[in-house]
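Student: I'd like a close look at one residue in this chain, and then at how its surroundings fit into the rest of the fold. Could you walk me through that in one go?

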Amino acid sequence: MAASSPPVDTRQGGLQRCAEPVRRWQGAVPAGRVARPSEADLAAPSTRLGSGERGAVRVPPAVPEGSNRWAGPGASWPASRAGSHPAEQFAMVPPSRRTAAAAQVPDADAACIAGPRVYVVWHKHTDLRLHDHEPLSRAHLESPRLPVVHLHVFDPFWFGRTRMGKFRKTGALRAAFWRECVADLRASLRARGQDLCVRHGMPVGEALQQLAQSVQVVKAFTYAEVCSEELEQEAEFEAALWQVTKGKGELVRCWGYTLHHIDDLQHGPSPPEKWITPYLSFGAFKKEISAYRVRPVGFEWQARVASGGSVVMSPPPALDKPAWWGEVPTLVALGFTAEEASAAEVLEPRTQYPWRGGESAALARLEEYIWGRRALRVYVGTTDWSTSGKCSATRDQTTKLSPYLAFGCLSPRLLYWEAQQFDRTQRCKGTRGLINSLLWRDFYRFIVHYAWGNRMFHLYGPMNCGSVPGGHKEPTKWCCKHYNNLFGGSDPRLWSWGRDRETLRSWAEGTTGYPFVDAAMLELRATGYMQHLSRETVGWFFVRDLRLDWRLAAEWFESRLVDYDCVLNWGNWVYFILTQLPARMDDRPGGGPRYTLPLYSPYLMASQVLGWGSEHDPTAAYVKRWLPQLGHLPPALAREPWRLFADSEPELKLSAVAGDSATEFWACTACTLENPAARSVCEACGTRGPRCGGLAAAASGLGVYGRPPIVPPPPEESGLHGSCLACGHVSLGWAGEDGRFFCGACWAGWTAEEPMVEGLAAVHSCEGPVALQRADRAHARALPPLALPAAVATSGLREPGAELAAAALRTPIQGERKRGARWAVRGNRSGVAEAAVGA
């Protein structure tokens with residue numbers, strides 16, 4: 001009987017033929033409904049699809065040779081790798097090839113040594129727990145009952161290099177947390193009479209083959225994946241499983257990670273393939289998903305357990321080889337240097353929370369946060385934009401559970417039901433905010449699985465038709481209109497995407513000249529964590545102003561973030577950052593409101609760098625914590641230190657100050673003595689020098705903030721106008737923390753003369769980092785000397801206007817802030833500048 005032609009999947013991004021719509025996890029589809037393969041099913045090198053005949057031999061997929069074993073981020077999209085995702089991989093092996101295919105499968109006697117028959121639970125680095133773990137429970141409830149081996153592999157691939165930036169895929173901080181999670185999982189298993197088999201220095205397929213030399217693997221259980229690199233690794237494991245079982249073993253995939261189970265989505269009014277599209281917004285997703293209930297913890301296997309019982313673990317195989325179980329490798333064994341390993345083991349005192357890896361620590365933190373501190377009453381979360389001052393928020397305003405969710409130490413369903421139980425006893429806004437944060441995980445997981453697939457890693461993003469095979473490489477007037485209708489950003493195909501290494505290094509090392517950005521990047525390097533607010537700020541700055549390939553920044557986050565999660569990290573970049581490119585209306589003849597052009601400007605365009613810095617860090621405590629060289633400046637200057645040099649006289653511009661200050665002098669107008677440029681008053685008579693007399697020393701003391709930032713700030717002046725308490729001049733300046741006003745020149749002069757105080761590092765306590773304080777405990781703030789309560793003037797001679805200054809000490813200054821479009825961008829970047837940052 002001739003085989004029928006496979007149907008054509010006409011979804012955007014799935015333009016290839018596929019065989020029967022078999023899903024990659026265990027579950028049933030309602031009668032009368034045909035579920036099409038998802039984007040993850042189409043992208044995966046699947047090996048489960050066979051002919052349907054009993055005893056048919058299935059050929060494992062060929063693993064690509066060389067270092068590029070996986071089609072990961074940045075790997076020649078939109079064109080896929082040769083042989084990566086062909087339609088033939090979903091078809092059965094033709095009968096004419098079965099003989100040849102059988103010859104490729106090694107003999108069982110050569111593949112494994114006779115030993116106990118076992119089931120294998122493959123713990124990946126995203127499910128390092130025992131509670132609410134469906135693959136684990138199904139393995140221990142499987143019939144016939146056999147010993148179970150729990151396996152975890154530190155695959156060298158995860159400790160290699162990223163594709164584009166060549167960063168470590170897993171940094172030392174995340175690797176240290178990973179080790180702690182594995183060690184805790186082993187301790188939990190041993191406490192229950194089981195054990196964890198640990199392997200490192202080898203791929204997962206080789207680890208399974210080594211395992212099969214001592215035991216006979218019958219079946220393996222694990223969680224299903226949706227991202228390309230994880231799918232390739234999963235296929236390699238399955239190929240090894242077929243080799244050691246002679247094609248008879250099965251890899252049972254279970255759906256996890258999300259609040260809502262994917263099988264429940266098939267029972268809604270419409271199939272998920274219909275409403276989960278590449279253009280789905282989070283608001284629309286929440287509206288649709290609200291019709292589905294979250295399953296109880298352990299729902300998938302409770303029906304298999306006797307009434308009132310629980311999952312009873314099967315024993316491990318009886319092997320008289322204690323060394324066979326392996327040891328948790330050290331960081332040095334994973335490829336890190338001794339210096340990196342020792343630095344990762346030291347707790348940074350300025351970290352927001354002292355994370356310790358493992359399921360035990362995750363459950364303790366959950367118990368403490370919800371029931372011990374009852375902190376849901378004050379929970380704000382990371383995505384609530386209505387709350388200001390997030391940089392100085394207390395520890396309880398966020399759960400700090402994201403690393404545990406990323407490594408699977410905590411089940412999201414357990415967190416959900418614990419929050420719901422707390423809400424029944426004490427209703428609060430925090431419960432809704434926490435559930436909203438968990439729904440973001442569902443949103444990205446489902447949209448990557450059903451709609452985005454590998455196009456999430458495309459330069460243009462999964463919502464752009466330029467990332468679809470056969471899509472427009474040059475935008476037309478009406479294509480890709482969702483960018484303008486839903487997000488308002490310009491088309492990524494018109495944007496400049498550079499890869500300048502020096503600019504990238506300045507951003508990664510926190511030396512851009514913008515303190516709010518630099519503080520966040522330094523926190524990331526030191527602790528492996530930054531708030532969601534900071535991630536968006538540095539992301540917009542990276543794309544809008546530095547105009548670099550956003551995938552380089554996403555890879556840097558992958559390397560550094562302790563709570564890195566593939567769908568969350570890359571999903572946030574394409575959903576929040578890539579869709580917000582600055583745009584202007586098309587001014588060409590025939591242009592319309594649905595087609596916009598990118599807006600280029602020589603000035604800072606990411607207004608969040610300044611606006612959110614002022615809103616969420618009003619006292620600059622966050623900036624000063626990570627940039628102690630700015631600790632003696634008032635909040636406005638600590639966030640924008642370039643304003644110290646905005647009022648310099650023509651004879652001493654900031655560009656001249658950047659040179660050798662020892663050769664620069666100014667002549668006193670009273671006694672004609674030439675004074676060094678670093679002094680603000682005359683050495684002989686005490687007469688005040690030029691307005692910028694202290695700029696040279698100020699610039700040298702501020703380091704990178706003594707010169708213009710990497711991107712020019714907005715040219716509009718803003719701030720307070722008033723009479724300076726020091727010199728009496730009425731000019732632009734800033735007020736200290738007590739409200740006393742000083743002009744810009746006095747701030748610069750005092751900065752040059754004030755010695756740096758030691759001990760500006762944050763102090764860590766059990767309640768979290770303490771704000772930076774100066775050594776002057778009596779006043780506990782960093783102000784110029786004249787701001788302190790002093791009765792007598794310090795200079796021997798009074799300048800004209802000193803009486804005004806004395807009067808100002810008695811009269812409060814009524815400074816008025818200029819009201820204007822401070823963040824408005826004027827002008828367009830020239831073509832030469834555009835070429836300079838091009839790819």
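Tutor: Let's start with Gln194, which counts as buried because its relative accessibility is just 4%. Keep in mind that this is a predicted model. Gln194 sits in a loop, the one that runs between helix H5 (172–191) and strand E5 (196–200). Leaving aside residues up to four places away in sequence, Gln194 touches His140, Val148, His150, Leu189, Met313, Ser314, Pro315 and Pro316. You can also check a C-alpha pair here: Gln194 and Pro147 are 47 residues apart in sequence, yet 9.8 Å apart in space.

On to a loop with a cis peptide. Pro144 belongs to the loop between helix H4 (134–141) and strand E4 (148–154). The bond joining Ser143 and Pro144 is cis, with omega at about 0°.

Past E4, the loop that leads to H5 holds Lys166. Its backbone is worth a look, as Lys166 has a positive phi near 60° and is not a glycine. Where Gln194 is buried, Lys166 is exposed, at a relative accessible area of 51%. For a buried counterpart with that kind of phi, try Ala620: its phi is positive too, near 60°, again in a residue other than glycine. Ala620 lies between helix H22 (608–616) and helix H23 (621–626), in the loop, and it is buried, with a relative accessible area of 0%.

Two helices end next to a positive phi as well. Helix H7 (residues 228–245) has 18 residues and spans 26 Å from first C-alpha to last, close to the 26 Å expected at 1.5 Å a residue. Since 17 of those 18 residues are buried, H7 is largely enclosed by the rest of the structure. Just after H7 comes Lys246, with a positive phi of about 60°. Helix H18 (residues 515–527) has 13 residues and reaches 18 Å between its first and last C-alpha, close to the expected 18 Å. H18 is mostly covered, with ten of its 13 residues buried; among them are Asp518 and Glu523, alongside Phe516, Val517 and Leu524. Gly528 follows H18 and has a positive phi near 75°.

H18 also brings us to the nonpolar interior. Trp507 touches Val517 and Met521, and its other partners include Val538, Phe541, Phe542, Leu546, Trp556 and Phe557. Trp507 is one of the residues with the most contacts inside the largest nonpolar core, together with Trp452, Phe541 and Trp550; that core has 156 residues. Its largest share, 13 residues, is supplied by helix H15 (residues 429–452). There is a second, separate core of 21 residues, and Val149, Ala207, Ala220 and Leu251 are included in it.

H15 deserves its own paragraph. It packs with helix H21 (residues 566–577) at an angle of about 80°, the two axes being 10 Å apart. That angle makes H15 roughly perpendicular to H21. On the H15 side, the residues that meet H21 are Trp440, Arg441, Phe443, Tyr444, Arg445, Val448 and Trp452; on the H21 side they are Val567, Leu568, Gly571, Asn572, Val574, Tyr575 and Phe576. By type, the contact divides into ten nonpolar, two polar and two charged residues.

Two more buried side chains help fill in the picture. Glu558 lies in helix H20 (residues 550–560) and is buried, with a relative accessible area of 3%. Its partners beyond four places in sequence are Thr162, Lys169, Arg174, Glu229, Tyr564, Asn569 and Trp570. Phe422, in helix H14 (residues 412–425), is buried at 0% relative accessible area. Phe422 touches Ile370, Trp371, Arg374, Leu376, Arg377, Cys428 and Thr431, again not counting residues up to four places away. With Arg377, the C-alpha distance is 9.8 Å across 45 residues of sequence.

Finally, the whole chain. It has 29 helices and 17 strands, and 56% of its 839 residues count as buried. Among contacts with a separation of 6 or more, 74% come from residues 24 or more positions apart.

Key. Residues numbered from 1 in each chain as written. Predicted model: local features only at pLDDT ≥ 70, side-chain atom pairs only at ≥ 80, totals over all residues. Heavy atoms only, no water. Helix = DSSP H or I, 4+ residues; strand = E, 2+ residues; numbered from the N terminus. Buried < 20%, exposed > 50% of the residue type's maximum accessible area, 1.4 Å probe, protein only. Contact = heavy atoms within 4.5 Å. Core = buried A, V, L, I, M, F, W, Y, C linked by side-chain atoms within 4.5 Å. Axes fitted to C-alpha atoms, helices over the stretch in contact; angles between N-to-C directions. Parallel < 35°, antiparallel > 145°, perpendicular 65-115°, else oblique. Nonpolar A, V, L, I, M, F, W, Y, C, P; charged D, E, K, R; others polar. Expected span 1.5 Å × (residues − 1).
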